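Reader: Hey, got a minute to walk me through this one? I'd like to start with the ligand and then look at the pockets.

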Amino acid sequence: MVNVKEKIVQNEVHDPSVLRTAREIIENCSSPRLIQNEILNAVERNELWRGKECLNLLAPEAPTSPTVRNLLASEVGTRAAEGHIGPTQRWFAGTTHIDEIEALCVELLKKVFKSNYADHRLVASMVGNLAVYSALTKPGDNIMTIPQPTGGHSSNRYDGPAGIRGLNIFDVPMDSKELTVDLEAFTKKAREIKPRLVALGASMTLFPFPLKEMSKIVEEWGGKIFFDGAHQLGLIGGGQFQDPLREGACIMTGSAGKTFSGPQSGIILWNDPEINKSVTDAIFPALAATHQVNRVAALAAAAAEFLAFGQEYMEQIVKNAQALGKALQEKGVTMLGSHKGFTKTHQVIADVRAFGNGLEIARKLGEANIITNKNLIPNDKPEDWDYPSGLRIGTTEVTRLGMKESEMEIVADFILNVLEDKKSTKTVRNEIIDFRKSYQKIHYCFD
Ligand SMILES: *Cc1c(COP(=O)(O)O)cnc(C)c1O
């Protein structure tokens, strides 16, 4: 074994011991080819464990269909195409079929989301949000967005794209019991601040927002509503959540890899021709050049699946989340929003303080092959980030694997066995590996 010397790299953000293990692997392999094998092996280990043996309850994840996954490895992913669709607006020749693929993608997105315009080129919703802030605001503008403890996302705060754009960010007041906007407080504050843009949508998201009422208010000074539908995108497309573009939002972004269950990417949807040029200018040539046409093909294929199965699939996701929330509450876990039926989305939020902090609990569940995430909840402070009181649980993946309300009882039992130490994490893990054997097929697709 080559002994890897401790290399001190200043300000390295990654965990030094994990990087050290990687260096040891690289130095101990007798050829680059063997190093490559190590990569393939790690991918395979993940595919077996996360793909076949876990209960993946992470709210931002969704399994794609086999067709969508295969397209991610397609030849077209090695081709370069920048610019807008069509023979004259491309810089590179040879894009005839790429135009066909991209045009199908754009038109399918417009059809699924009933929008006049759609963009498919950005790799992530994070970048989509930067496009929106670049297009619709100027540095120094006031905006209002949701703070993290009540569900907001960094992309709309100082440490994300909104901050990079140099905006003054004020909090949208949230009602921490009702888990939605405090409309009265918002009205008062917004009239003082007169934000150019109000960003709604959240990462911890259980109930709809009073979009119509809020858009009436910001109209008083020509402000606009931007809906960051990263999480709810699929639910919106499947008609299971509010419909932001018809309730007053002028633009919506979304992560195609969350409830929409396509390849991870950012999509942008809007109706107003007035903002068309500024939005598309922010996409190209500002934030995207070559844009992974393999991903675009996969996105188009996912949109076609969505037309056929979206409504039924998304309806079941919400039913499963409600059933899981109810089952967990009945078995003794404090669930947020229990007085409102737990949720209208793919998520439920547990207050786990009775069992430990969110980090400990998520780790312990992870040892038992139950994958969730720690989450800030309304009474937490931003400095509780590392050790928050909540746990976020999502039902997208288990739904696509064919589970229904009755299975949510079983899932809740698995969780409780870990939370209450009724069984060892090893025992629960073995039970879950066994349980998952009956749920390996991806539903709601043509495969
Ligand atoms: C996940 C998320 C994003 C970022 O989406 P990516 O596709 O991961 O870049 C943005 N906004 C909200 C509210 C999110 O939850």
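Author: Sure. This is a predicted model, and in it 13 residues surround the ligand, the closest being M126, S203, D228, S255 and K258.

Reader: Which helix gives the most to that shell?

Author: Helix α5, residues 125-136, with 3 residues.

Reader: And what's the mix of classes around the ligand?

Author: The shell has 7 polar, 4 nonpolar and 2 charged residues.

Reader: OK, polar contacts. What does the side chain of D228 do?

Author: An N or O atom in the D228 side chain is 2.6 Å from a nitrogen atom of the ligand. For the H153 side chain, the distance from an N or O atom to a ligand nitrogen is 3.3 Å. M126 uses its backbone: an N or O atom there lies 2.9 Å from a ligand oxygen.

Reader: How much of the ligand's accessible area does the protein cover?

Author: 83% of the 380 Å² that the ligand has on its own.

Reader: Switching to pockets. What's the volume of the largest one?

Author: About 860 Å³. Its lining counts 25 residues, with G51, A62, P63, T64 and R69 nearest the centre. Helix α2 gives the most to that lining, 6 residues.

Reader: And the second largest pocket, where does that lie?

Author: It lies between domain 1 (67-303) and domain 2 (310-436), because both give residues to its lining. There's about 330 Å³ of space in it.

Reader: Which residues are nearest its centre?

Author: Q148, G152, S203, N375 and W385, out of 15 lining residues. S203 is also among the closest residues to the ligand.

Terms used
Residues numbered from 1 in each chain as written. Predicted model: local features only at pLDDT ≥ 70, side-chain atom pairs only at ≥ 80, totals over all residues. Heavy atoms only, no water. Near = heavy atom within 4 Å. Polar contact = N/O pair within 3.5 Å; in protein donor to acceptor, adjacent residues only side chain to side chain. Areas by Shrake-Rupley, 256 points an atom, 1.4 Å probe, with all protein chains shown as cover. Helix = DSSP H or I, 4+ residues; strand = E, 2+ residues; numbered from the N terminus. Nonpolar A, V, L, I, M, F, W, Y, C, P; charged D, E, K, R; others polar. 1 Å grid on protein atoms, 1.4 Å probe; cavity = no way out; pocket = protein on both sides within 12 Å on 5 of 7 lines; lining within 4 Å. Points joined across faces, edges and corners; volume = space filled by probe spheres on them. Domains from an automatic or database assignment.
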